[in-house]
Amino acid sequence: MNKRDHLKLAGGKADASETGAVETTVDRSRSAIIFIEFQNEWLDPASPLNRLMEDRTQIDTAVENAAAIVAAARQRKFPIVHAGLSFVNDPTYLLFGGGRGKAGLRGAIPRARRWRDPQRVAFHEPFVPRAGEFVVTGRSGASVLTNSNLDAYLRNNRIDRIFLLGFVLHVCVESTLRHAHDLGYDATVISDAAPAFTAEQRDHVLTHVIHHFGKCVTTEQFLQEFGATQC
């Protein structure tokens with residue numbers, strides 16, 4: 001085990017060469033970009049969830065960056081995955097036992113009565129899925145891989161490298177990163193396209209969490225590498 005690995009296991013912060021750039025040319029045939037919860041529940045200004053975002057600059061920047069990424073991905077036919085959350089067909093939250101006596105999101109979501117309005121769970125432009133883009137179904141956890149069809153899609157298409165962005169960094173993005181790591185995927189978080197509620201939450205994940213489970217790049221770094229990749 002080298003010095004860098006010892007540093008990571010000890011909880012040390014990885015340097016820019018480890019987390020600040022895509023290390024190898026992106027192979028589109030083995031990669032996918034996973035857009036997590038770009039839905040009206042987060043992006044509609046009237047939504048109560050939108051008001052949880054205390055750091056408005058962070059969310060506005062993230063949405064702008066994500067829009068640039070989805071546009072570039074569509075232009076270059078990079079595999080796109082839309083991972084939303086929906087209880088439209090389970091409005092009493094039977095999946096979570098109605099939320100009674102449940103801790104965490106299994107209790108919070110039923111209490112707030114969110115993610116069951118068809119208009120609220122709809123994907124927000126420009127993130128509305130298009131033909132040829134994969135839409136995750138069956139999800140039942142904070143990780144978009146939990147009980148969903150995403151793992152089967154990735155494996156059936158020989159995809160082993162994934163890029164994560166969306167809502168929110170310290171909950172569903174982080175949960176997916178950890179889950180993907182344990183399933184053997186090479187996962188990279190696009191840091192400025194995955195907002196947290198506060199700057200402190202974002203800094204904690206970027207400094208103390210990500211390097212244990214994957215990599216981290218900015219939108220600019222990803223698009224620079226992405227743009228250099230030949231079709």
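**Exercise 1. In which helix is the place of threonine 219, and what surrounds this residue?**

Before working through the solution, note that this is a predicted model, in which local features need pLDDT of at least 70 and side-chain atom pairs count only at pLDDT 80 or more, while totals for chains, interfaces and linings use all residues. Residues are numbered from 1 along each chain as its sequence is written, and side-chain values use heavy atoms, with hydrogens and water left out.

Step 1. Threonine 219 lies in helix H10, which covers residues 219-228; helices (H or I, at least four residues) and strands (E, at least two) are DSSP runs numbered from the N terminus.

Step 2. Threonine 219 counts as buried because its relative accessibility is 4%, where buried means under 20% relative accessible area, exposed over 50% and partly exposed in between (1.4 Å probe, protein chains only).

Step 3. The side chain of threonine 219 makes a polar contact, at 2.7 Å, with the side chain of aspartate 192. A polar contact is a pair of N or O atoms within 3.5 Å; within protein, one must be able to donate a hydrogen and the other to accept it, and residues adjacent in sequence count only if both atoms are side-chain atoms.

Step 4. With neighbours within four places in sequence set aside, threonine 219 is in contact (heavy atoms within 4.5 Å) with Asn65, Ile69, Ile190, Asp192 and Ala193.

**Exercise 2. Describe helix H4 and the setting of alanine 66 within it**.

Step 1. Helix H4 runs over residues 56-75, and its 20 residues reach 29 Å from first C-alpha to last, close to the 28 Å expected at 1.5 Å a residue, the expected span being 1.5 Å times one less than the number of residues.

Step 2. The buried residues of H4 include Asn65, Ala66, Ile69 and Ala73. An α-helix has 3.6 residues a turn, so residues three or four places apart point the same way.

Step 3. Alanine 66 has a relative accessible area of 0% and is therefore buried. Not counting residues up to four places away in sequence, alanine 66 touches Phe35, Phe38, Phe127, Leu165 and Ala193.

Step 4. Alanine 66 and aspartate 192, although 126 residues apart in sequence, are 8.6 Å apart in space, C-alpha to C-alpha.

Step 5. After H4 comes lysine 77, whose phi is positive, near 55 degrees.

**Exercise 3. What is the volume of the largest pocket, and which residues are closest to its centre?**

Step 1. The volume of the largest pocket is about 370 Å³, and of the 21 residues that line this pocket, Leu85, Leu105, Ile109, Trp115 and Val171 are the closest to its centre.

Step 2. Helices H5 (105-112) and H8 (169-183) each supply at least two lining residues, and H5 provides the largest share, five residues.

Step 3. Within H5, the buried residues are Gly107, Ile109 and Pro110, and the helix is followed by arginine 113, whose phi is positive, near 55 degrees.

**Exercise 4. Place these details in the whole protein chain.**

Step 1. The secondary structure of the chain comes to ten helices and six strands, and buried residues make up 47% of its 231 residues.

Step 2. Among contacts between residues at least 6 apart in sequence, 77% join residues at least 24 apart.

Technical notes: 1 Å grid on protein atoms, 1.4 Å probe; cavity = no way out; pocket = protein on both sides within 12 Å on 5 of 7 lines; lining within 4 Å. Points joined across faces, edges and corners; volume = space filled by probe spheres on them.
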